[in-house]
Amino acid sequence: MSSPDDLLTVGEVMERTGAPASALRFWEELGLIATERSSGNQRRYRRHMLRRIALVLAAKRLGIPLGDVAGILAVLPAGRAPSPRDWELVSQRWRDDLEARRRYLANLESQLTGCLGCGCLSMPSCSVRNPDDQLRRQGQGPVRLLR
């Protein structure tokens, strides 16, 4: 019977997750995942690392920076398989971040053909929504999307 503490080889992890060995090594260097070493000095992954890898892959697909992922995963214990309560804490942090990203994407979608508040003043709506680039006082970049 399988257990969260089973040790998996790099090949088994690659087969199960689709992540290349180079990415696994990189994510280990960043502290996103952890490995152990066999007596022959080969990397071994606890089965519970598959969930971390799945979250890293999901974040990558959404364009979420690995530094943000590291911050979210930082609450997980390093020396044991995370408990359901540990995952709930991660889930709440992740949920807050994803909700902010959803709002940003919704703003982008609704305003893509209008004034973004970026200062270009090239759209007809810019002269109404951002006359003389007054929105520059609110910050850099597309300030209307950040609301």
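Leaving aside neighbours within four places in sequence, with which residues is Asp-86 in contact? In this predicted model, the partners are Leu-76, Pro-77 and Arg-80. Asp-86 itself is placed in helix 5, which spans residues 84-111. The relative accessible area of Asp-86 is 10%. Buried means under 20%, so Asp-86 is classed as buried.

Two polar interactions of the Asp-86 side chain were computed. One is with a side chain: Asp-86 and Arg-80 are joined by a polar contact of 2.8 Å. Arg-80 also appears among the contacts of Asp-86 listed above. The other is with the backbone: the Asp-86 side chain reaches the nitrogen of Ser-83 at 2.8 Å.

Helix 5 also contributes to the largest pocket. The space in this pocket is about 170 Å³. Its lining consists of Leu-62, Gly-63, Leu-98, Arg-101, Arg-102, Tyr-104 and Leu-105. Helix 5 supplies 5 of these residues, the largest share of the lining.

A second buried position is found in helix 4, which covers residues 66-73. This is Ile-72. Its relative accessibility is 6%. That value falls under the 20% limit, and Ile-72 therefore counts as buried. Beyond neighbours within four places in sequence, Ile-72 is in contact with Val-90, Arg-93, Trp-94 and Asp-97. Ile-72 was also compared with Leu-7. The two are 65 residues apart in sequence. In space, their C-alpha atoms are 24 Å apart.

Leu-7 recurs in the surroundings of Arg-44, where it is one of the contacts. Arg-44 belongs to strand 3, residues 43-46. With neighbours within four places in sequence left aside, the contacts of Arg-44 are Leu-7, Leu-8, Thr-9, Thr-35, Glu-36 and Ser-38.

Which side chain of opposite charge is nearest to Arg-44? It is that of Glu-12, 6.6 Å away. A salt bridge requires a distance within 4 Å, so Glu-12 does not form one with Arg-44. Arg-44 is thus buried yet without a salt bridge. The Arg-44 side chain does have a polar partner. A polar contact of 3.1 Å joins it to the side chain of Gln-42.

Arg-44 and Asp-86 can be set side by side. Both are buried. For Arg-44, the side-chain polar contact is with Gln-42. For Asp-86, the side-chain partner is Arg-80.

Technical notes: Residues numbered from 1 in each chain as written. Predicted model: local features only at pLDDT ≥ 70, side-chain atom pairs only at ≥ 80, totals over all residues. Heavy atoms only, no water. Helix = DSSP H or I, 4+ residues; strand = E, 2+ residues; numbered from the N terminus. Buried < 20%, exposed > 50% of the residue type's maximum accessible area, 1.4 Å probe, protein only. Lys, Arg positive; Asp, Glu negative; His and termini not counted. Polar contact = N/O pair within 3.5 Å; in protein donor to acceptor, adjacent residues only side chain to side chain. Contact = heavy atoms within 4.5 Å. 1 Å grid on protein atoms, 1.4 Å probe; cavity = no way out; pocket = protein on both sides within 12 Å on 5 of 7 lines; lining within 4 Å. Points joined across faces, edges and corners; volume = space filled by probe spheres on them.
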